[in-house]
Structure formats: structure tokens, C-alpha cells
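Subject: Handover of a structure and summary of findings

Dear colleague,

Please find below the structure that I am handing over to you. A summary of what was found in it follows directly after.

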Amino acid sequence: MAGRRRGAGAVPLLVCALVAGCGGSEAPDPARADVQRVLDRRAEAVLARDESAYRGTEAPVADSGGLATGLAEFANLRGLPLASWSYRLTGFHRSGDRATAEAELRYRVRGYDRAPVTAARALTLTRDDGSWYVASDEPAREAAEQLWEQGAVRAVRGRHSLVLGVGRTEAELRTYAEAADRAVPAVSGAWGDDWAERVVVLVPESLEEMAGLLGAPASGYRGIAAVTTGETGGSGRTPADRIVVNPDAYAVLGDFGGQVVLTHEATHVATRAHTTAATPLWLSEGYADWVGYRSAGRTPAQIAPELQREVREGRVPDALPDDEDFGFGRDANGLAMAYEGGWLACRMIADRWGEERLNAFYRAVGGHERRAGAVEDALRDVLGTTPARFTGQWREYLRDQLG
């Protein structure tokens with residue numbers, strides 16, 4: 001109890017507990033527990049595909065602003081194979097028979113997710129005849145949309161993949177599944193098998209819907225064919241990742257480019273547990289590109305044309321790319337050179353020290369608790385070199401491969 005002095009004794013504490021206004025916190029609103037029970041019933045109905053039970057938690061629906069809500073959303077979920085679905089109230093505010101709430105939605109896709117996806121939700125509720133009902137259930141402010149809010153979800157299973165799409169035919173989604181099924185063994189062949197060896201791919205209808213799934217402006221992802229979502233960290237429990245496709249950009253890549261992209265993104269899924277705040281983007285993105293191009297049979301000049309132009313004009317970069325160089329808002333040439341520089345750094349390690357040492361280097365960097373010293377220590381302990389020598393070797397490698 002705030003402000004309580006030591007040795008105050010039991011009687012004053014008892015009096016304070018019984019007398020209103022003595023500085024203690026207010027009693028919790030019992031309506032909060034009632035609403036949590038409504039959300040528990042709602043979650044059970046989703047898992048059981050019980051429309052009648054779900055309808056029993058619903059109030060009349062207000063304007064949704066374009067996103068599916070209520071029974072339409074319930075119908076859109078039918079194609080999603082769920083292993084779990086639950087809500088946890090994180091905030092509750094009531095005024096009479098109306099309330100707003102914040103909740104954390106947690107769900108797992110059956111056969112693919114070891115840990116749940118989490119999504120912040122904003123709800124409005126109304127009370128009628130003593131019972132609470134959900135009037136709206138939407139993404140919290142600045143939170144991402146969920147695929148089923150954009151339309152009916154269609155699922156296509158592959159050997160190593162589950163592709164979930166909205167506004168796509170089964171044949172279209174099958175092509176993504178086939179590419180993902182080729183990507184997974186390619187990643188395991190490079191990285192190893194200490195990961196789930198399966199991926200979930202989301203294919204929305206357009207760039208705008210992709211941006212909605214990421215909770216970000218569409219302008220930041222124009223020209224980006226796919227991204228991978230998921231929390232970094234070596235907790236030992238791999239969180240649920242999603243490869244989110246930009247169908248507009250992916251469509252112009254062709255078979256080869258599309259395969260490289262999905263292999264790149266699957267690499268991020270595989271390395272997630274070893275990718276931490278200590279891992280620079282030149283390493284995480286460069287390694288993913290190295291795996292993506294590993295068996296492509298293409299030359300450095302074909303894969304790194306922007307950087308080759310710089311090298312041939314005498315402008316060899318002085319240093320490895322910074323994290324800021326990988327920002328999607330950068331100009332296209334600068335972003336391309338950042339990826340190409342990271343890829344060539346990882347390719348150089350594989351060429352000079354071997355692929356096993358490259359993997360060990362990646363794990364060693366990610367094993368650090370913080371960024372400071374992570375690369376320096378891994379260079380010393382795994383590759384037997386220093387940052388200055390490594391940078392010099394990389395610059396010489398650029399001249400040799402691209403000059």
C-alpha cells in the first residue's frame with residue numbers, strides 16, 4: 001500500500017481496507033470479468049466453427065470502414081486451419097451500458113505454428129438485459145490487419161508450406177506453394193535442419209492489402225516482393241513467422257526471381273531464433289540472399305549490377321552497409337547496393353572460410369546480448385580476423401568479383 005510506514009500494525013491496515021477513500025485502489029469493475037467470459041465464448045465458437053454460438057456474442061454491427069466484422073469475419077475464417085484462438089483483456093473502460101476494451105488476440109495455425117501469432121485488438125461492447133455483446137472487434141490503433149478481415153481466406157497446403165490467400169484462385173496459390181516447397185529444402189541444405197522446416201505464406205489481393213497486414217503505409221513496400229514478420233531473439237521458442245507477399249511486385253519477377261524471393265524469406269524463418277538485436281542487417285539480409293542465390297548458377301555481375309557499376313567507376317564502398325541503408329524508403333539503387341554488398345560479404349565468407357564457418361559466424365553474432373562487440377568478437381573467434389582486415393578483404397573481393 002502506497003505511503004504505509006513500517007510497523008503501522010494490523011489494525012490501521014484493517015481500517016484502511018474497510019473505509020472508502022483512504023488511498024487504496026478502486027475495486028475492479030465486475031463487468032470486466034463478464035466481458036472476458038464473453039470473449040472466451042467467442043473464441044470457443046471460432047475454434048468449434050459454431051456460428052450460432054458466435055452469433056450469441058454479437059451486437060448489431062456499426063460501419064466497419066471497409067473491414068469485415070461480425071458474422072462476415074467469422075465466415076472468412078472458415079478456410080483457416082486453427083489450433084488455438086484466445087483473447088486476453090488488457091484494458092477496459094465502461095460508461096453505463098457501453099464499454100471499450102483492448103485485448104490481445106492469440107492464435108496458432110494447426111500443423112505450422114509452434115507459438116501463437118499475437119494481434120492487438122480494439123473492441124466496443126454494449127450491454128443489453130444484463131448481458132454484454134461485442135459491437136466491433138478491430139485492429140488496435142497502429143496495429144496490423146488480419147488476413148480474414150480482408151476477405152474469405154483460401155488455404156492451399158504444400159509439402160512444406162501453407163499458403164493463405166484472399167481474392168486468389170486455388171491455382172494461383174498453388175504456384176506459391178510449389179515455390180515455397182522448393183525453398184524449404186534449399187534453406188535446410190544451407191543452414192541445417194534446426195528449424196521447423198515449414199512456412200506460412202500470406203498472399204493478399206494487392207500492395208495496399210499487403211501494407212494493411214504489416215500495419216504500415218503502402219508506399220514503403222512498393223517494389224518489395226515479400227517480407228517476413230516475426231519476433232527476433234534466441235529464446236529457444238521460435239515465434240510464428242509469416243511470409244507476406246506483395247502480389248504486384250512478385251508478379252513481375254518471373255519464375256527465377258520469385259523462387260529467389262521465397263527462398264530468401266524462408267531463410268529468415270529458419271534463422272529467426274539466431275537473429276537478435278546484435279545481428280546487423282548486412283548479415284541477416286546478406287545471408288538470406290546468399291541462400292537464395294546459392295544454387296542459382298548466376299555470376300556476381302548478374303546478381304549485383306548496381307554495385308558493379310559503382311566498382312567499375314572507381315567508387316568501391318569504404319564500409320559494409322549500415323542498417324539505415326536497408327530502409328525501404330531509400331532510393332532503389334541505394335537499397336539494391338546495400339543488399340548486394342551484404343550478399344557479397346556472406347559469399348566471401350563462404351568462399352574463403354567455408355559454408356560451415358559462415359553458419360557458425362551467423363550464430364555467434366546472434367548469440368551476443370547486444371550489438372556492441374558482436375561482429376568484432378565473432379570475426380575474431382570464428383574467422384580469426386578483425387573488422388578492419390575483414391572490411392579490406394571485402395573491398396578487395398568486390399574489385400575481384402565485379403571489376
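Which residues of the largest nonpolar core touch the most other members? Among the 113 residues of that core, they are Trp85, Val199, Trp282, Trp290, Leu344 and Phe361. Please bear in mind throughout that this is a predicted model.

Overall composition

The chain has 403 residues, and 47% of them count as buried. Its secondary structure comprises 15 helices and 9 strands. Among contacts in the chain with a separation of 6 or more, 63% are between residues 24 or more positions apart. As general background, nonpolar side chains tend to be buried together in soluble globular proteins.

Helix H12 and its partners

Several of the core residues named above recur in the packing of helix H12, which covers residues 332-353. For the 22 residues of H12, a rise of 1.5 Å a residue gives an expected span of 32 Å, and the end C-alpha atoms are indeed 32 Å apart, so the two values agree. Gly354 follows H12 and has a positive phi, near 100°.

Two helix pairs involving H12 may interest you. In general, such a pair is described by the angle between the two axes and the distance between them.

The partner in one pair is helix H15 (residues 387-402), whose axis comes within 10 Å of that of H12 and crosses it at roughly 100°. Angles of 65 to 115 degrees count as roughly perpendicular, and H12 and H15 are therefore roughly perpendicular to each other. On the H12 side, the contact is formed by Gly341, Leu344, Ala345, Arg347, Met348, Ile349, Asp351, Arg352 and Trp353. Their counterparts in H15 are Phe390, Gln393, Trp394, Tyr397, Leu398, Gln401 and Leu402. By class, this contact has 10 nonpolar, 3 polar and 3 charged residues.

The partner in the other pair is helix H9 (residues 281-293), which packs against H12 at an angle of about 70°, with the axes 7 Å apart. H9 is thus roughly perpendicular to H12. H9 contributes Trp282, Leu283, Glu285, Gly286, Tyr287, Asp289, Trp290 and Tyr293. These meet Tyr339, Gly342, Trp343, Ala345, Cys346, Arg347 and Ala350 in H12. The contact of H9 with H12 divides into 10 nonpolar, 2 polar and 3 charged residues.

Phe361, one of the core residues listed at the outset, touches Trp282, Leu283, Ile349, Val375, Ala378, Leu379, Val382 and Leu383, leaving out residues up to four places away in sequence. Of these contacts, Trp282 and Leu283 also take part in the contact of H9 with H12, while Ile349 takes part in that of H12 with H15.

Helix H6 and strand S9

Helix H6 (residues 207-214) is mostly covered, with 6 of its 8 residues buried. The buried residues are Leu207, Met210, Ala211, Gly212, Leu213 and Leu214. Their cover includes strand S7 (199-203), strand S8 (226-229), strand S9 (242-245) and helix H7 (247-250). H6 is followed by Gly215, which has a positive phi near 65°.

Ile243 lies in strand S9 and is buried, at a relative accessible area of 1%. Ile243 and Val200 are separated by 43 residues in sequence, yet their C-alpha atoms are 6.3 Å apart. Beyond neighbours within four places in sequence, the contacts of Ile243 include Val199, Val200, Leu202, Val227 and Leu262.

Two buried threonines

Thr57 is located in the loop between helix H3 (51-55) and helix H4 (70-76). Thr57 is buried, with a relative accessible area of 0%, and touches Val38, Arg41, Arg42, Tyr133 and Val134, not counting residues up to four places away. Thr126 belongs to strand S3 (residues 117-128). At 17% relative accessibility, Thr126 counts as buried, the cut-off being under 20%.

Positive phi outside glycine

Most residues other than glycine have a negative phi. Asp129, in the loop between S3 and strand S4 (131-139), has a positive phi of about 55° and is exposed, with a relative accessible area of 78%. Glu197 also has a positive phi, near 55°. Glu197 sits in the loop between helix H5 (170-191) and S7 and is partly exposed, at 31% relative accessible area.

With kind regards

Notes: Residues numbered from 1 in each chain as written. Predicted model: local features only at pLDDT ≥ 70, side-chain atom pairs only at ≥ 80, totals over all residues. Heavy atoms only, no water. Axes fitted to C-alpha atoms, helices over the stretch in contact; angles between N-to-C directions. Helix = DSSP H or I, 4+ residues; strand = E, 2+ residues; numbered from the N terminus. Parallel < 35°, antiparallel > 145°, perpendicular 65-115°, else oblique. Contact = heavy atoms within 4.5 Å. Nonpolar A, V, L, I, M, F, W, Y, C, P; charged D, E, K, R; others polar. Expected span 1.5 Å × (residues − 1). Core = buried A, V, L, I, M, F, W, Y, C linked by side-chain atoms within 4.5 Å. Buried < 20%, exposed > 50% of the residue type's maximum accessible area, 1.4 Å probe, protein only.
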